[in-house]
Amino acid sequence: MTELADRPPTAGRPRPRARASADVPPPGLAFVIHRQAGAAVPAAQIAELAQSVDAAVTARLADALQRPVHWRELVDALALARELDPAKPGRELLRALGEVRRVLFTVPGHQRDCDRLWRESVCIAWGAAAIASLRRGSPGTAGIAGLLHRAGDLIVLLAISDIESQQGRVLEAAVRAVLIEQFEAPCGAEIARRWKLSPPVSAAMQGWRRVTEARSPSLEAQAVYFATLLRANSQHAGISAPGLAHAAHQAVGLTVRESVAVEDRMAAAGDVAEIVK
């Protein structure tokens, strides 16, 4: 099952162009960051399940889904674009990260995917914060948006897990993927509202998927988007993506050296994510 943890941005599907562009992912990386087409899912089946998912999502959001108690420690660390040291991550920061992991990244029956997505989200959070800091954006806004960039997906998966438990069956991967895509945006917006996130954070949480389509996306949304690309590139090091550095430079002004530095920060953040309980 890979539709959640390995699911790439829905925006930015490659379009044929003669040369690299700032708003188009490099073609060498396209099949890595874009979900492969799956088997056709019967519309009637989706329509029936969508009603159940809608009710389950409502129930989940009505539960004690509140912002973590030690949220401020996490916001402060990202706002300062502070590099994570796996040897000395800091007790308060680990506590705050642990609360986020328990609230959002724990889904019965799908924990392996959630664990992979947890590491990815922490990496992207610190990568986006670093990019925003380098370009005089808001590292706190970009970092929190990066950490929660798939929060809507996770709420939908929690609802699907509830349905699977009630019905005593596991939904097909293609069905889960369609349901997640249908409900993730409003769920992400509701989390932003319940957690009282600032409008810029909420906008970047939603906007990173549409960076390549937006006329003037915020720098923070671009930071999240390019952090997801850098993360995908680092996970598939054997795949050549010569246009990635050029696209990052054109869009947010990153030099090759800065891109490497951001990837190093993301790798350190991933190591810290592994020790968060």
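## A walk through the helices

Ser52 is partly exposed, with a relative accessible area of 31%; on this scale, buried means under 20%, exposed means over 50%, and partly exposed is whatever falls in between, using a 1.4 Å probe and protein chains only. Ser52 sits in helix α2 (residues 43-62). Helices here are DSSP runs of H or I with at least four residues, strands are E runs of at least two, and both are numbered from the N terminus. Along the chain, Ser52 and Asp162 are 110 residues apart, but their C-alpha atoms are 9.9 Å apart in space.

Before going further, a word on the model itself. This is a predicted model, in which local features need pLDDT of at least 70 and side-chain atom pairs count only at pLDDT 80 or more, while totals for chains, interfaces and linings use all residues. Residues are numbered from 1 along each chain as its sequence is written, and side-chain values use heavy atoms, with hydrogens and water left out.

How confident is the predictor? pLDDT is its confidence in each residue, on a scale from 0 to 100. The chain averages 79, and 78% of the residues score at least 70. Helix α6 has the highest mean among the elements, at 95, while α1 (residues 30-33) has the lowest, at 32. Over residues 5-39 the pLDDT is below 50, although this stretch has 74 contacts in the model beyond near neighbours in sequence; a contact means heavy atoms within 4.5 Å. Where pLDDT is low, the predicted coordinates should not be read in detail.

Now for the inside. A nonpolar core is a set of buried Ala, Val, Leu, Ile, Met, Phe, Trp, Tyr and Cys residues joined through side-chain atoms within 4.5 Å. The largest one here has 79 residues, and Leu74, Leu104, Trp126 and Leu179 touch the most other members. Helix α5 (residues 111-134) supplies the largest share of this core, 13 residues. In soluble globular proteins, nonpolar side chains tend to be buried together. Leu104 shows who its partners are: apart from neighbours within four places in sequence, Leu104 contacts Leu65, Leu148, Ala151, Leu154, Ile155, Ile191 and Trp195.

Ala151, Leu154 and Ile155 bring us to helix α7, which covers residues 151-167. Its 17 residues reach 25 Å from first C-alpha to last, close to the 24 Å expected at 1.5 Å a residue; the expected span is 1.5 Å times one less than the number of residues. Because 13 of those 17 residues are buried, α7 is largely enclosed by the rest of the structure. Right after α7 comes Gly168, with a positive phi near 65°. Over in helix α8 (residues 173-194) you'll find Ile180, which is buried at 0% relative accessible area. Ile180 lies 28 residues from Gly152 in sequence and 8.2 Å from Gly152 in space, C-alpha to C-alpha.

What about the cysteines? Cys114 is buried at 0% relative accessibility, and Cys187 is buried at 3%. A disulfide is a covalent bond between the sulfur atoms of two cysteines. Counting a pair of cysteine sulfurs within 2.5 Å as a disulfide, the total here is zero.

Charged pairs are another matter. There are 14 salt bridges in the structure, each being a side-chain nitrogen of Lys or Arg within 4 Å of a carboxyl oxygen of Asp or Glu. Arg119 pairs with Asp271 at 3.6 Å, N to O. Since Arg119 lies in α5 and Asp271 in α12 (residues 256-275), that bridge ties together parts 152 residues apart in sequence. Asp271 is partly exposed, at 39%. Arg119 also bridges to Glu274, with the closest N and O atoms 2.8 Å apart, again joining α5 to α12, this time across 155 residues. Glu274 is partly exposed too, at 46%.

Another bridge to α12 starts from Arg135, whose side chain meets that of Glu258 at 3.1 Å, N to O. Arg135 lies in the loop between α5 and α6 (139-147) and Glu258 in α12, so this pair ties together parts 123 residues apart in sequence. Arg135 is partly exposed at 27%, whereas Glu258 is buried at 19%. Elsewhere, bridges that share partners join Glu120, Arg150, Asp153, Glu184 and Arg209 into one network.

We finish on α12 itself. Its 20 residues reach 30 Å, close to the 28 Å expected. Its buried residues include Val262, Met266 and Val272, and among the elements covering the buried residues are α4 (91-104), α5 and α10 (219-235).

Methods:
pLDDT = per-residue confidence, 0-100.
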